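Welcome! Take a moment to look over the protein below, and then we will walk through it together.

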Amino acid sequence: MSKATTDKMDPWRVPVIVAQIPDTGLHRDVGADAAARKAMAEVAGLREVLSMHASFDVTPNSDGRFRVIGHVSARIGQTCVVTLDPIENDIDEAIDLMFAPPERIPALADLVDDDVESEAEIPDPPEPIINGVIDLGRLATDALLLGVDPYPRKPGAVFEPQVAAADPEDHPFAALKALKGDAKTSDKSPDEAPEAKKPKGK
């Protein structure tokens, strides 16, 4: 896979090497630069991403797992689907995920299934740690995509479909009425034509 393809898939990269995370955990506050915001806008199909900030706490757990708790905030530029005017919207998304080495995920998923009662909500299995790295930029980008309104509307904008005025001649019986009129006219013979009034004699 080329670097250009990788950059398009991950427009904002903030890699954290799990081997360097201290036992007490790691806190990161990050903000996307103009180039990353432009790339995110292209991936998300947005007019623009005006700002993008994220805050993360990465905490080591047992069995090589890491819990990532974070918050993503962004301001995006979109187009109103009703008026087609440019508008801006805010994104505010929370993140709470568990990460684990790929080889440990099947076993951990089985443990989750065994511990959860049938009527309870089944939690998601851990996300994989790829090449010993957790990419906080990818998590923030995913949160942005999740928070985008696909049908943004300008405040107060209401879609009002156009209703055409009813044509009195445009109804199911209009054609039939016309046919009947033509038939009556064609049925009259020349002899049935009204006689011309004769002048009165003096």
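## The overall plan

What pattern does the protein follow when read along the sequence? Reading along, you meet α-β-β-α-β-β-β-α-β-β-α-α. That comes to five helices and seven strands. Keep in mind that this is a predicted model.

How much of the chain is tucked away? Of the 202 residues in the protein, 26% are buried. The protein exposes about 14600 Å², and 54% of that is supplied by carbon and sulfur atoms. We can also look at which residues touch: among contacts with a separation of 6 or more, 67% are between residues 24 or more positions apart.

## The two sides of helix 2

Now let us zoom in on helix 2, which spans residues 34-44. Which of its residues are buried? They are Ala 36, Met 40 and Ala 41. These residues lie on the same side of helix 2, because they cover an arc of only 140 degrees around the axis. There is a handy rule behind this kind of arrangement: an α-helix has 3.6 residues a turn, so residues three or four places apart point the same way.

What do the buried residues of helix 2 pack against? Their partners are strand 3 and helix 4, the latter covering residues 136-147. The face turned away from the buried side looks quite another way: there you will find the exposed residues Ala 34, Ala 35, Lys 38 and Glu 42. After helix 2 comes Gly 45, with a positive phi near 70 degrees.

## Positive phi without glycine

Gly 45 has a positive phi, but you can also find positive values in residues other than glycine. One of them is Asp 63, with phi near 60 degrees. Where is Asp 63 placed? Find the loop between strand 3 (48-60) and strand 4 (66-79), and you will see Asp 63 there. Its relative accessible area is 46%, so Asp 63 counts as partly exposed.

Leu 84 is another case: although Leu 84 is not a glycine, its phi is positive, at about 65 degrees. This residue sits in the loop between strand 4 and strand 5, where strand 5 covers residues 86-100. Is Leu 84 buried or exposed? With a relative accessible area of 63%, Leu 84 is exposed, since exposed means over 50%.

## Looking back

Try tracing these features in the model yourself. Start with helix 2 and find its buried residues, Ala 36, Met 40 and Ala 41. Then move on to the loops that hold Asp 63 and Leu 84.

Note on methods: Residues are numbered from 1 along each chain as its sequence is written. This is a predicted model: local features need pLDDT of at least 70, side-chain atom pairs count only at pLDDT 80 or more; totals for chains, interfaces and linings use all residues. Side-chain values use heavy atoms; hydrogens and water are left out. Helices (H or I, at least four residues) and strands (E, at least two) are DSSP runs, numbered from the N terminus. Buried means under 20% relative accessible area, exposed over 50%, partly exposed in between (1.4 Å probe, protein chains only). The arc is that of the directions from the helix axis to the C-beta atoms. Contact means heavy atoms within 4.5 Å. Accessible areas come from the Shrake-Rupley method with a 1.4 Å probe; for residues, only the protein chains shown count as cover.
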